[in-house]
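Good morning, and thank you for coming. I would ask everyone to keep the structure in view while I speak.

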Number of protein chains: 4
Amino acid sequence: DLPVALIAGPCQLESRAHALEVAAALKECAARLGIGLVYKTSFDKANRTSASAERGLGLAKSLPILAEIRESLGLPVLTDVHDAAQCAPVAEAVDVLQIPAFLCRQTDLLLAAAATGKAVNVKKGQFLAPWDMANVVAKITGAGNPNVLLTDRGTSFGYNTLVTDFRGLPIMARTGAPVIFDATHSVQQPGGQGTSSGGQREFVPVLSRAAVAVGVAGLFIETHPDPDHAPSDGPNMVALRDFEPMMRDLVALDRLSKAQRAAAS
Amino acid sequence: DLPVALIAGPCQLESRAHALEVAAALKECAARLGIGLVYKTSFDKANRTSASAERGLGLAKSLPILAEIRESLGLPVLTDVHDAAQCAPVAEAVDVLQIPAFLCRQTDLLLAAAATGKAVNVKKGQFLAPWDMANVVAKITGAGNPNVLLTDRGTSFGYNTLVTDFRGLPIMARTGAPVIFDATHSVQQPGGQGTSSGGQREFVPVLSRAAVAVGVAGLFIETHPDPDHAPSDGPNMVALRDFEPMMRDLVALDRLSKAQRAAAS
Amino acid sequence: DLPVALIAGPCQLESRAHALEVAAALKECAARLGIGLVYKTSFDKANRTSASAERGLGLAKSLPILAEIRESLGLPVLTDVHDAAQCAPVAEAVDVLQIPAFLCRQTDLLLAAAATGKAVNVKKGQFLAPWDMANVVAKITGAGNPNVLLTDRGTSFGYNTLVTDFRGLPIMARTGAPVIFDATHSVQQPGGQGTSSGGQREFVPVLSRAAVAVGVAGLFIETHPDPDHAPSDGPNMVALRDFEPMMRDLVALDRLSKAQRAAAS
Amino acid sequence: DLPVALIAGPCQLESRAHALEVAAALKECAARLGIGLVYKTSFDKANRTSASAERGLGLAKSLPILAEIRESLGLPVLTDVHDAAQCAPVAEAVDVLQIPAFLCRQTDLLLAAAATGKAVNVKKGQFLAPWDMANVVAKITGAGNPNVLLTDRGTSFGYNTLVTDFRGLPIMARTGAPVIFDATHSVQQPGGQGTSSGGQREFVPVLSRAAVAVGVAGLFIETHPDPDHAPSDGPNMVALRDFEPMMRDLVALDRLSKAQRAAAS
């Protein structure tokens, strides 16, 4: 079992300078921690709560920046795609295509992502059970692409609230896909502020600790130099200055957890 | 208050002959009941549980059939769209564009549907609270299209189960949009049969009765001559032969319900 | 099918004068509506959110008042019991023993209530599925008492929220027990105000309309001359002056609903 | 921060010999692990799904056995109480009175337990939010007994299913009460087998790992020499032979987790 990998970055691609600054900081952090890093950022927030919310730089302006991060920093890059036509051009600039949770059952999008040959990270829909994801994996592997990752980002629980069912991590792992825990969106309160989503940043380390103890291939955690002024997901992003101490503990917990599970099997 | 309108038809557009047969039967039924009818059918089931499930005829073969139903039978037609590029061509063949529940937060799709000028029926996401739909309505009306309808098709409740919260109907009506109750998908058991969704057809009349008593502008009910052999949503579609007696009772309940609410206001 | 019966009264027995005043008003109301009435009130609120909340007059002071209402007004009376030892003395003063939702699985309480020979109204636990109530009914009928009623008062849905699943009414009716819909507690927001429960009085008529359209033997609705100053359940009790107009509509809906279901069977 | 304590034993007190055998085995196990142990067993299963299920030895026969375990093995003992009158006699034989989840809002029971001066362990109702437990703690401390523990045993999630929200552990800890995680009942499937509850024993270690990583004062885990033939909670009890290896890993994870949290604060 490899050490926990990290998928991290700011929610939105705000500017070239901002993206490069955060990517460089995360790269140094991951090196100090001895773990793998995939840089995550979004070129388009395609499903904002409100139409007046900031959507991001867009595809055309973003792909060169993503390509630059890959080349200049040597980091693998992940970004999300929202329709089938985006998959091929995005695949030229990144290493992992991510399917948003709301879209995880859209067959055409899954097949287009699969066809790129890149790794595909599918977020479990908030409306799906963990065992339902076996059908999603089969859509991609059945199209000839074995590189699927599954990410848990919480399950609908009443209104404007998500809950993480940690039984879901080993259940999804039965598909053979590496399982990632998305701590940032698991503590989101969807629509909880009327025209935007709220969040509970203080529970990011809490749920991340649970995830590595249960056993995951990776953690997905968004971070930002100034989350309270970020254009999206501010309430649930971790401040960059708090990121490394949190990760240091998580890496140590993960090491013990994986050693125990290796000994038991 | 107008009498309850009906959005009905088979889940999938299976063939021209099948579509015309069901449309003609429903047209006669609606005429006998004295209610409005919008014919509903889908040219593509874009988010099937499993990739091996039947998806339908596709856009190119379906639009001429939808146009023929409109012209030869004089029925308004509704179908669902799955990405922004479909909106304009589909709008030429139908009267109402429907946004699937999983896609109800996809801003580009909403704006493209709004731009057609056609009526847009948005299904409430299973992962959203009824009050969250005010932001969805604003995306469409803010784009200059005031013709929005909202449809309730249930809310996530544990795994593989939906529940209908009937408080949601008057809450969504506060937006000013006509509110439709989708009885067919509210009794779906998503993913409940492993590689397909289950359903509880026997509760279609039960929940429809509740909806008209609470007050709705319309009912959305899928029907089929032989639901047990339908390619999708069979377990929750009503057999065509049972449709008219069920609707007769619902229309009478609706008439009393609307008279009472008119007198009270 | 008999017309919908009414179980009504103020949440708490506040005083002899208050109880008699409300009982007399409800008796006249039920007579005008032509429906049966069971007077409901509680001598002890045994599970308040907070220990500092008002609990009521207590058993010893309340039983003579309940007996007086029965005799002087000729009304059947219902009250709730909280432990096995209360059942026998309470049964001497009332016609129906009610088992609170939290206690619906406590075998000793159910058996003691059954042993009185009085009718037993069991509220479905917020934590139970409707089909789970078959086992509860069997505990009582298996003890030789066939007079069981089941009442739905909502099901846990996320935190501090209940939802009514109207499929549950016909499911519970399969037990053979008359099914009651408790509109007052179904719109409660348990613990929703920190040290007390909130409520949404405006949805009492909404959900009651759904219930009679689906089909119930009775409605359970708490009412108070001045709910905003009531010691418990104020936010979800209906004002006495609004009670009769609401009930008049519900009785008419019930009459049509039962005629339709009688014709269909 | 003390090492994780263990509350363990078989669900039911089946016989004197059975109780002593399991208690002795657990005592040796805890000694080898270097952790505290409280022996748990129930003299009465007062809320079985079905009236025909085995309830246990009863109060009179059980108290001498509990007292014998305390004296002969020197183990503190915990058992659950179901009505106020049981509290005083049970308190003479045990060290911790436990309030079952369904009864956690019954004021008289809480006050009677508080009045014994013994420690009181309250299970969070499946129908309550974690923050709702502050009112429950206040009922006991307000009666002059500061020795309260809170135990999480899952929250209602749809029908016949519980989910553990691990945010609830630190939320309940804000009350100042030690927080216990009950892995056995958190994996129960209430009513899930028609006339009995199901369970998912394989998730006991999974959720226990999450709990110690998040941080708890103790774990509550039922165990049995032959769980598949136990009279209650068999599907979710851990076999005695699997208990020590599981606990050994949990103790190591707890040690690291507490060291990290001590360093961070």
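Glu244(D) is buried, with a relative accessible area of 15%. Please bear in mind from the outset that this is a predicted model. To which residue is Glu244(D) joined by a salt bridge? The partner is Arg32(D), and the N to O distance is 2.6 Å. Arg32(D) belongs to helix H1 of chain D and Glu244(D) to helix H9, residues 240–264, so this pair ties together parts that are 212 residues apart in sequence.

Arg32(D) also forms a salt bridge with Glu28(D), where the closest N and O atoms are 3.8 Å apart. These two residues are both in helix H1 of chain D, residues 16–33, and stand 4 residues apart, about one turn of the helix. Glu28(D) counts as partly exposed, because its relative accessibility is 48% and the partly exposed range runs between 20% and 50%.

Let us turn to chain A. Here Glu244(A) forms a salt bridge with Arg248(A), the closest N and O atoms lying 2.9 Å from each other. Because they are 4 residues apart in helix H9 of chain A, residues 240–264, about one helical turn separates Glu244(A) and Arg248(A). Which of the two is buried, and which is partly exposed? Glu244(A) is buried at 16% relative accessibility, whereas Arg248(A) is partly exposed at 43%. Over all chains, the count comes to 48 salt bridges.

I now come to a charged residue without such a partner. Lys124(A) is buried yet has no salt bridge. How far away is the nearest side chain of opposite charge? That side chain belongs to Asp152(A), and the distance is 5.1 Å. A salt bridge requires the nitrogen and the oxygen to be within 4 Å, which is why this pair does not count as one. The side chain of Lys124(A) does, however, make a polar contact of 2.9 Å with the side chain of Thr155(A). Lys124(A) is placed in the loop that runs between strand E5 (119–123) and helix H5 (133–141) of chain A. Beyond its neighbours within four places in sequence, Lys124(A) is in contact with several residues, including Ala101(A), Cys104(A), Pro130(A), Met133(A), Gly154(A) and Met172(A).

Next, the nonpolar interior. The largest nonpolar core holds 315 residues. Which of its residues touch the most other members? They are Val122(A), Met247(A), Val122(B), Met247(B), Val122(C) and Val122(D). Taking Val122(D) as an example, and not counting residues up to four places away in sequence, we find that it touches, among others, Ile99(D), Leu110(D), Val136(D), Ile140(D), Val148(D) and Leu150(D).

Met247(A) leads us to Ile221(A), since the two residues are in contact by the criterion of heavy atoms within 4.5 Å. Ile221(A) lies in strand E12 of chain A, residues 218–224, and is buried at 0% relative accessibility. Other contacts of Ile221(A) include Ile7(A), Ala183(A), Val204(A), Phe243(A) and Leu250(A). From Ile221(A) to Asn236(A) there are 15 residues in sequence, and the C-alpha atoms are 9.5 Å apart in space.

In chain B, strand E12, residues 218–224, contains Thr223(B). Is Thr223(B) buried or exposed? Thr223(B) is buried, with a relative accessible area of 0%. Its side chain reaches the backbone nitrogen of Leu240(B) at 3.5 Å. Thr223(B) also touches, among others, Gly9(B), Pro10(B), Leu26(B), Met237(B) and Phe243(B).

A word on backbone geometry. Most residues other than glycine have a negative phi. Asn160(A), although not a glycine, has a positive phi of about 60°. Asn160(A) sits in the loop between strand E7 (155–156) and strand E8 (162–163) of chain A, and is buried with a relative accessible area of 17%. In chain C, Asn160(C) likewise has a positive phi, of about 55°. Asn160(C) is found in the loop between strand E7 (155–156) and strand E8 (162–163) of chain C, and at 18% relative accessible area it too is buried.

Finally, how are the chains arranged? Chain A is superposed on chain B by a rotation of 180° with 0.0 Å of shift along its axis, at an RMSD of 0.0 Å. The two copies are therefore related as by a two-fold rotation axis. The same surface serves both copies, as 100% of the contact residues of chain A recur in chain B.

How values were computed:
Residues numbered from 1 in each chain as written. Chains lettered and ligands numbered in written order. Predicted model: local features only at pLDDT ≥ 70, side-chain atom pairs only at ≥ 80, totals over all residues. Heavy atoms only, no water. Buried < 20%, exposed > 50% of the residue type's maximum accessible area, 1.4 Å probe, protein only. Lys, Arg positive; Asp, Glu negative; His and termini not counted. Polar contact = N/O pair within 3.5 Å; in protein donor to acceptor, adjacent residues only side chain to side chain. Core = buried A, V, L, I, M, F, W, Y, C linked by side-chain atoms within 4.5 Å. Least-squares fit on C-alpha atoms with pLDDT ≥ 70 in both.
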